Amino acid sequence: MKITKIEKKKRLYLLELDETDKLYITEDTIVHFMLSKGMNISEQELKKIQDYAQFSYGKNLALYYLSFKQRTVKEVRDYLTKHGISLDTIEKVLTILIKDNWIDDRQYAYSFIHSNLLSGDKGAFVLKQKLAQKGITAPIIDEELCKFDFTEVSQKVAQKLLKKYQGKLPTKALHDKILQQLINKGFSYEEAKVAYQNLTIEDDDGNQQELLYKELDKQYRKYSKKYDGYDLKQRLTQALARKGYDFSDIASALREYL
């Protein structure tokens, strides 16, 4: 069969054979096989051209995707799959890109964790989940996480939480809230505990009492419609205790309130 036309179409070239069959190929394919108009090629040569064109196109797509930011193997594989590249071709493209250091899951994990320590607010457990979702294996994640100390970032997050909640919650509730938020962000219980212990918390008895009475008013309006006497007192005590108030403070407030 004879090449009757080679015409540029945006990022690809249209290859026409015997004025009937059409094939889109990359510029790399033209250069690799030294294709030109009028050249005769066999069926076997056409198959090689098709395979190479698919590989070249897949590689170019991957490089374009990687030009914006660092990606994992899984991210590149998913991107090429979405663009209709065959599985065999994808694996060939990935092999080349990994060999040439265009993709490096270990380096990606290190950079991801390091960036979080500089400007993020997540602990190791959340980072491990996020990296696993990007297809990085558990051994690589664990090895890279071991290179970092999360003490400073946990303390930074604890300080922000203290600023957000101090003066709005009773002491015990403040303690529980900060610890739970730190754990939710991926820090271990021990890291959260140490971060909380290093906080400077100002005890304001007047503010604590004001918060208690404000909450008591709210709970009284809720329960006094259905309960009275001992039952009301018990309901109020339980509700206030769940909010983090000390039982002795609750008992003292109820004596004055009821």
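The paragraphs below lead through this predicted model, beginning with its sheet and ending with its helices and nonpolar cores.

A good place to start is the open sheet, in which 3 strands are arranged in the order β1-β2-β3 with antiparallel pairing. Its edge strands are β1 and β3, the latter covering residues 21-25, and each of these pairs on one side only. From one strand to the next, the twist averages 20 degrees.

The pairing can be followed strand by strand. Strand β1, residues 3-9, runs antiparallel to strand β2, residues 12-17, and 6 bridges join the two. Along this border Ile6 stands opposite Leu15 of β2, while Glu7 has Leu14, also in β2, as its bridge partner. The two strands form a hairpin with 2 residues between them, and in the turn Lys10 has a positive phi of about 55 degrees.

On the other border, β2 and β3 also run antiparallel, and here 5 bridges join them. Leu14 has Tyr24 of β3 as its bridge partner, whereas Leu15 stands opposite Leu23 in β3. This pair of strands likewise forms a hairpin, with 3 residues between them, and Asp18 in the turn has a positive phi of about 50 degrees.

How many of the 6 residues of β2 are buried? The number is 5, so β2 is largely enclosed by the rest of the structure. When tracing what surrounds the sheet, the reader can look for helix α2, residues 43-66, which lies across β2 and β3 and runs at about 35 degrees to β3.

Attention now turns to the nonpolar cores. In soluble globular proteins, nonpolar side chains tend to be buried together. The largest nonpolar core of this model has 26 residues, and the members that touch the most other members are Ile113, Leu131, Ile136, Phe150, Ile178 and Leu182. At least two residues of this core come from each of the helices α5 (105-119), α6 (124-133), α7 (138-145), α8 (151-165), α9 (171-184) and α10 (189-197). Among these helices, α8 gives the most to the core, with 6 residues.

Leu131 offers a closer view of the packing: leaving aside residues up to four places away in sequence, Leu131 touches Tyr108, Ala109, Phe112, Ile113, Ile136 and Ile141. Apart from this core lies another, made of 15 residues, which include Leu61, Tyr79, Leu80 and Val93.

Helix α7 shows how one helix can be read residue by residue. Which residues of α7 are buried? They are Ile140, Ile141, Glu144 and Leu145. Seen down the axis of α7, these buried residues fall within an arc of 125 degrees, and therefore they line one face of the helix. This can be understood from helix geometry, because an α-helix has 3.6 residues a turn, so residues three or four places apart point the same way. The buried residues of α7 pack against α5 and α6, two helices that also supply residues to the largest nonpolar core.

How values were computed:
Residues are numbered from 1 along each chain as its sequence is written. This is a predicted model: local features need pLDDT of at least 70, side-chain atom pairs count only at pLDDT 80 or more; totals for chains, interfaces and linings use all residues. Side-chain values use heavy atoms; hydrogens and water are left out. Two strands pair if DSSP finds at least two bridges between them. Helices (H or I, at least four residues) and strands (E, at least two) are DSSP runs, numbered from the N terminus. A nonpolar core is a set of buried Ala, Val, Leu, Ile, Met, Phe, Trp, Tyr and Cys residues joined through side-chain atoms within 4.5 Å. Buried means under 20% relative accessible area, exposed over 50%, partly exposed in between (1.4 Å probe, protein chains only). Contact means heavy atoms within 4.5 Å. The arc is that of the directions from the helix axis to the C-beta atoms. Axes are lines fitted to C-alpha atoms, for helices over the stretch in contact, and angles run from 0 to 180 degrees between N-to-C directions.
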